[in-house]
Amino acid sequence: TSGDIVNEYNELKKDYEEIKAAYKELAKTTYESFNDISSLVLSKRKEELARKRAEMLSNTDQLTGALSRRAFDKRLDAEINRARRENLSLGVVLVALDCLQQINDTTGKQAGNEVLKILADFLMQQCRTYDFVGRYGAEEFIVCLPGAGREDSFKKASSLCENVQKL
């Protein structure tokens, strides 16, 4: 009968409205979850960047940009192990700026700091891509030359010494 059809239509319409409301709620919950997940991902990304920055800062000498002594020692240990394992040469050059105290005394500590920055930049520019430079002490830098034998290390040390005197 037409009355039954109307009742059935109204029931279907009511079911449809309930389903529609459920989908809206699901969409809202999904959107909120997505926002929560996005916030979580963003938060994790910021945390990771902060951790990497802290690690980079702890591995770098603040004044010169060279590796910190701790970071240099860690990389040097790894290179020593690799050289032993693969039977490779490994050169190390110590660069001491003996006149730093005189520079500090005559022109001031800020001038001495500038000299250290210039020297560190120079040493890093003179290195191959796989060499590395560290701040070893107040007026000392150390350069690791993976794969360099005694003769190559001596040549590099002589070249550095000659060119540092020209700075």
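**A walk through a predicted chain**

From the N terminus on, the elements of the protein chain run α-α-β-α-α-β-β-α; helices (H or I, at least four residues) and strands (E, at least two) are DSSP runs, numbered from the N terminus. This is a predicted model, where local features need pLDDT of at least 70 and side-chain atom pairs count only at pLDDT 80 or more, while totals for chains, interfaces and linings use all residues. Residues are numbered from 1 along each chain as its sequence is written, and side-chain values use heavy atoms, leaving out hydrogens and water.

Visitor: Is the protein chain spread out or a compact globule?

Guide: Happy to help! For 167 residues the globule rule (2.2 Å times the number of residues to the power 0.38) gives 15 Å. The radius of gyration, taken over C-alpha atoms, is 33 Å, well over that value, so the protein chain is more spread out than a compact globule.

Visitor: Which element gives the most to the largest nonpolar core?

Guide: Such a core is a set of buried (under 20% relative accessible area, 1.4 Å probe, protein chains only) Ala, Val, Leu, Ile, Met, Phe, Trp, Tyr and Cys residues joined through side-chain atoms within 4.5 Å. The largest has 17 residues, and strand E1 (90-96), helix H4 (109-126) and strand E3 (140-146) each supply at least two. With five residues, the top contributor is H4.

Visitor: Which residues is Val95 in contact with, leaving aside its neighbours within four places in sequence?

Guide: Val95 is among the core residues that touch the most other members. Counting heavy atoms within 4.5 Å as contact, its partners are Leu119, Leu123, Glu139, Glu140 and Phe141.

Methods: Buried < 20%, exposed > 50% of the residue type's maximum accessible area, 1.4 Å probe, protein only.
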